[in-house]
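User: Hey, could you walk me through this fold? I'd like to hear how the pieces sit together.
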Amino acid sequence: MKLCCFFLHCPFYRFPIYNAIAEAFNCDYYFNDYVPYGSKPLDVNKLKGFRTFLRGFNMHYKEYVWNNGFFKLVRGNYSHFLLSGDPSYLLNWLIILYSKIFHKKVYLWCHGQKSPVKRKLTRFYIRLFYAHVDGIFVYGEHVIPNMVD
């Protein structure tokens, strides 16, 4: 099994879990180049399996983000993908589509849907995103009812 991890940012406090994943699996790490204000970034030179940062671009429509580097991710011949579970990152959608076509596994690691969504179109969009992955790792069980409804 070869695992590709693409995360939106790399804060220093996640180093222990990223390192444990790297020790347990044959994985490569890719990160969005954005570092949230006030967040101390991870020293990627110490992270086993770090490959590169992918340049993120904000789209003009809403808060969508595109990352250059899709072909870097799919050329790695990965059997599994672990992504940040944010549907506003268009690269996540593309990887999910690629994985469905080429029979790869995709897992999301996220906070989940924190509150119920009232707008039908938004609810459809979110369901479509989460329904096409093989598993979702959430930080707490309190979000699960919002994701099942």
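User: Which residue in S6 is the bridge partner of Cys-5?
Analyst: Leu-82 is the bridge partner of Cys-5 in S6. Strands here are DSSP E runs of at least two residues and helices are H or I runs of at least four, numbered from the N terminus.

User: And how many bridges join S1 to S6?
Analyst: Strand S1 (residues 2-7) and strand S6 (residues 80-84) run parallel and are joined by 4 bridges. Two strands count as paired if DSSP finds at least two bridges between them.

User: Before we go on, where does the model come from and what are the ground rules?
Analyst: This is a predicted model, in which local features need pLDDT of at least 70 and side-chain atom pairs count only at pLDDT 80 or more, while totals for chains, interfaces and linings use all residues. Residues are numbered from 1 along each chain as its sequence is written, and side-chain values use heavy atoms, with hydrogens and water left out.

User: Cool. What's the strand order in the sheet?
Analyst: The order is S3-S2-S1-S6-S7-S8, giving an open sheet of 6 strands with parallel pairing. Strand S3 (50-54) and strand S8 (135-138) are the edge strands, each pairing on one side only. On average, neighbouring strands are turned by 20° against each other, direction ignored.

User: What packs on that sheet, and at what angle to S2?
Analyst: Helix H1 (residues 15-24) does, touching S1, strand S2 (26-32), S6 and strand S7 (105-110). The direction of H1 makes about 145° with that of S2. Axes are lines fitted to C-alpha atoms, for helices over the stretch in contact, and angles run from 0 to 180 degrees between N-to-C directions. Helix H3 (residues 90-101) also packs on the sheet, touching S1, S3, S6 and S7, and its direction makes about 160° with that of S6.

User: Which residues of H1 are buried?
Analyst: Tyr-18, Ile-21 and Ala-22 are buried in H1. They sit on the same side of H1, because they cover an arc of only 100° around the axis. That arc is taken over the directions from the helix axis to the C-beta atoms. The cover over the buried residues of H1 includes S1, S2, S6 and S7. Pro-16, Glu-23 and Ala-24 are exposed on the other side of H1. Buried means under 20% relative accessible area, exposed over 50% and partly exposed in between, with a 1.4 Å probe and protein chains only.

User: Which residues are the buried ones in H3?
Analyst: For H3 they are Leu-91, Asn-92, Ile-95, Ile-96, Tyr-98 and Ser-99. These cover an arc of only 165° around the axis, so they lie on the same side of H3.

User: How far does H3 reach from its first C-alpha to its last?
Analyst: With 12 residues, H3 reaches 17 Å, close to the 16 Å expected at 1.5 Å a residue. The expected span is 1.5 Å times one less than the number of residues.

User: Leu-94 caught my eye. What is Leu-94 in contact with?
Analyst: Leaving aside neighbours within four places in sequence, Leu-94 is in contact with Trp-66 and Phe-70, where contact means heavy atoms within 4.5 Å. Leu-94 is in helix H3 and is partly exposed, at 29% relative accessible area. From Phe-70 it is 24 residues away in sequence and 7.9 Å away in space, C-alpha to C-alpha.

User: Back to the strands: how much of S2 is buried?
Analyst: S2 is mostly covered, with 6 of its 7 residues buried. S2 pairs with S1 in the parallel sense over 6 bridges, and Tyr-30 in S2 stands opposite Phe-6.

User: Any odd backbone angles?
Analyst: Most residues other than glycine have a negative phi. Asn-77 has a positive phi near 55°; Asn-77 lies in the loop between helix H2 (70-74) and S6 and is exposed at 59% relative accessibility. His-103 has a positive phi of about 55° although it is not a glycine. His-103 sits in the loop between H3 and S7 and is exposed, with a relative accessible area of 72%.

User: And the overall numbers?
Analyst: The protein has 5 helices and 8 strands. Buried residues make up 44% of its 149 residues. Among contacts with a separation of 6 or more, 62% are between residues 24 or more positions apart.
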